[in-house]
Amino acid sequence: MQIHIGHRKHYLMKKYKAPARAPEDALEWFGSKKLKPQFDHRDVYREEHAYAFVVAKVMEMDVLQTIYDRLNESLAKGGNFQQFKKEIVPELQKLGWWGQQEMTDPLDNKQRLVQLGSPKRLRKIYRVNMRTARAAGQWQRIERTRKSHPYLLYELGPSKEHREQHVRWAGIILPSTDLWWQTHYPPNGWGCKCRVRQVSKREYERLRSTGRYMTEAPAIVKRPIVNKRSGQIWQVPEGIDPGFDMNAGTARQAHIQKLITNKLNSGYPAIAAAAAKDLVNSPAFTYFLVKPTESYPVAALDADLKHQLNVRQNAVLLSADTMSQQRKQYPDLTDDEYRLLPNVLNQGAVISQGQEHGVFFQQDGQLYKAVVRATDDKENLTVTSFRQADSQELDQERKRGDLVRNAQ
């Protein structure tokens, strides 16, 4: 449902003009996508769109490459849709991807009459890719500047009409770490022009004092959507189109995290150690420290220590439950101290007492202690505690336990 917004206060619809040339973060996000030919956009869903470039009914790589290159060029040069259409239509017509044609659906091998290239389809392809790339690029900047501008304000875009739910969300102001942004970070549907604006602590207090803004996330009500291609049932928040119920910026980070985690288990110590440091210095780790939702790899074991501690994988994990407990028990530990974990676990003295292993490491005159133990399936080591320590505790542990490795 769409409604006019004349009754909404003007501050929710400030005039906005996107920069001509996309910021570097947006260019990097879009430029790193991998081409993936698909018959139907529902064959690729949600997070995969953050790192795969898909256009429905494009099964030929040369056609997909042409569309991708022209979009990338428009993003980089600050072009508009009319320029994009003028350049790409002759190319697509030459490649034979235009008008209605018979195609074989790989799902059931049946012939179907489908719409290929058309001005209407090109407009949809152009708009959703431009907006998503800019939004994902903006999220990278949000991560970098979270300390100075920790809040996000949901704003309506310049459309004449908006979905009813989007109008209700206009004026919501929440910390950027709030989980609401994982499903409601715009764009939130086909044609959606909503956006967010970063807000400092000072501005947040000023806006909140007016009483015109919502400072608590509304309840998320989901509806079941059946993917008729796969039979899967997707739970999608009301007001959001299927496939848009995710944050393209964090979805990309999760994919990168997965790739780097694979490097941790590659068997090459130097690569694994470097990958661990990349992980704890990434925006994804900053988000994990604030809102842990699943285990995060924080270090990589060398072959000898992996053998001595009897685990199969190199990656050392910090679970979401442990991280939540850490915040309660050691609230004074800083993010930078948590980023020492690769050094602590790779270079610290390891003292074993049964199934638990204490790891002691000194940095800038401060001694740190991490406690690790193997998961039940002996697949990985997991961190059960991390905090500051002192030399007296180290001496006591040396007397009680078995020295597995000296500090390096």
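How are α1 and α2 oriented to each other, roughly parallel or roughly antiparallel?

## Helix pair α1 and α2

The model is predicted. In it, helix α1 (residues 24-31) packs against helix α2 (residues 61-77) with an angle of about 175° and an axis separation of 10 Å. Angles over 145 degrees count as roughly antiparallel, and α1 and α2 are therefore roughly antiparallel to each other.

On the α1 side, Ala26, Leu27, Phe30 and Gly31 make the contact. On the α2 side, the residues are Tyr68, Leu71, Asn72, Leu75 and Ala76. By class, the residues of this contact comprise 7 nonpolar, 2 polar and no charged.

## Three-stranded sheet

Strands β8, β6 and β9 form an open sheet of 3 strands in the order β8-β6-β9, with antiparallel pairing. The edge strands, β8 (173-175) and β9 (195-199), each pair on one side only. Between neighbouring strands of this sheet the average turn is 30°, direction ignored.

Strand β6 (residues 151-155) pairs with β8 in the antiparallel sense over 3 bridges. In β8, Pro175 is the bridge partner of Tyr151. Two helices pack on this sheet. Helix α4 (residues 119-144) touches β6 and β9, and its direction makes about 15° with that of β9. Helix α7 (residues 201-209) touches β6, β8 and β9, and its direction makes about 110° with that of β9.

## Seven-stranded sheet

An open sheet of 7 strands has mixed pairing and follows the order β12-β13-β17-β16-β15-β14-β18. At its edges stand β12 (296-300) and β18 (402-405); each has a single partner strand, so one side of each is left without a neighbour in the sheet. From one strand to the next, the twist averages 35°.

Within this sheet, strand β15 (residues 356-363) and strand β16 (residues 366-374) run antiparallel and are joined by 8 bridges. Tyr368 in β16 is the bridge partner of Phe361.

## Helices on the seven-stranded sheet

Helix α12 (residues 320-329) packs on the sheet and touches β13 (315-318) and β17 (381-389). The direction of α12 makes about 15° with that of β17.

Helix α15 (residues 391-400) also packs on the sheet, where the strands touched are β14 (349-353), β15, β16, β17 and β18. The direction of α15 makes about 50° with that of β14.

How values were computed: Residues numbered from 1 in each chain as written. Predicted model: local features only at pLDDT ≥ 70, side-chain atom pairs only at ≥ 80, totals over all residues. Heavy atoms only, no water. Pairing = 2+ DSSP bridges. Helix = DSSP H or I, 4+ residues; strand = E, 2+ residues; numbered from the N terminus. Axes fitted to C-alpha atoms, helices over the stretch in contact; angles between N-to-C directions. Contact = heavy atoms within 4.5 Å. Parallel < 35°, antiparallel > 145°, perpendicular 65-115°, else oblique. Nonpolar A, V, L, I, M, F, W, Y, C, P; charged D, E, K, R; others polar.
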